[in-house]
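Visitor: I should like to learn how such a model is read, beginning with burial. Please show me the structure.

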Amino acid sequence: MNKFINKPHHVEVIILSKHGEKIALVDYEDVEKIGHYKWNYHYRGPITCSGKKSGYQLMHFLIYGRRIRVKNGNKYDLRRSNVVETLNGSVGPNPKAPGIYYYRGSWYGFVGIAGKDRYVKCFSV
């Protein structure tokens, strides 16, 4: 199993694999949810579960499959204060124009129709 180290505002989860060790940061309330499973990572890849819940990514396990991004760019910092839900894994919404997202140097427009995201237009900058 993985090691858990309590810090003042979060918990560090030490994940060991043949590629070394990674440290994921999670909130106290999430430790009970993830503590029953063994987590591992592949070099430059996401943290995944092995065993009974094999294939689940830690970030999706914690956030229930929503598309998210992390504010500080550290994909192993999964504290709730650092996680933002996004549309299609984009860098983030434009607060002045809902449905408009900036991703890899271009602006994209999306509309929700019948519960699905529909791509509308791409604008290069």
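Guide: Buried residues, those under 20% relative accessible area (exposed is over 50%, partly exposed in between; 1.4 Å probe, protein chains only), make up 32% of the 125 residues in the protein. This is a predicted model, in which local features need pLDDT of at least 70, side-chain atom pairs count only at pLDDT 80 or more, and totals for chains, interfaces and linings use all residues. Residues are numbered from 1 along each chain as its sequence is written, and side-chain values use heavy atoms, leaving out hydrogens and water.

Visitor: How many helices and strands does the protein have?

Guide: Helices (H or I, at least four residues) and strands (E, at least two) are DSSP runs, numbered from the N terminus. The protein has 2 helices and 11 strands, in the sequence order β-β-β-α-β-β-α-β-β-β-β-β-β.

Visitor: Which side chain of opposite charge is nearest to Glu 12?

Guide: A salt bridge requires a side-chain nitrogen of Lys or Arg within 4 Å of a carboxyl oxygen of Asp or Glu. Glu 12, in strand S2 (residues 11–17), is buried without a salt bridge, and Lys 7, the nearest side chain of opposite charge, lies 4.4 Å away.

Visitor: Which residues does Glu 12 touch, not counting residues up to four places away in sequence?

Guide: Contact means heavy atoms within 4.5 Å. Glu 12 touches Lys 3, Phe 4, Ile 5, Lys 7, Ile 23, Ala 24 and Leu 25.

Visitor: Is Ile 113 buried or partly exposed?

Guide: Ile 113 belongs to strand S10 (residues 106–113) and counts as partly exposed because its relative accessibility is 45%.

Technical notes
Lys, Arg positive; Asp, Glu negative; His and termini not counted.
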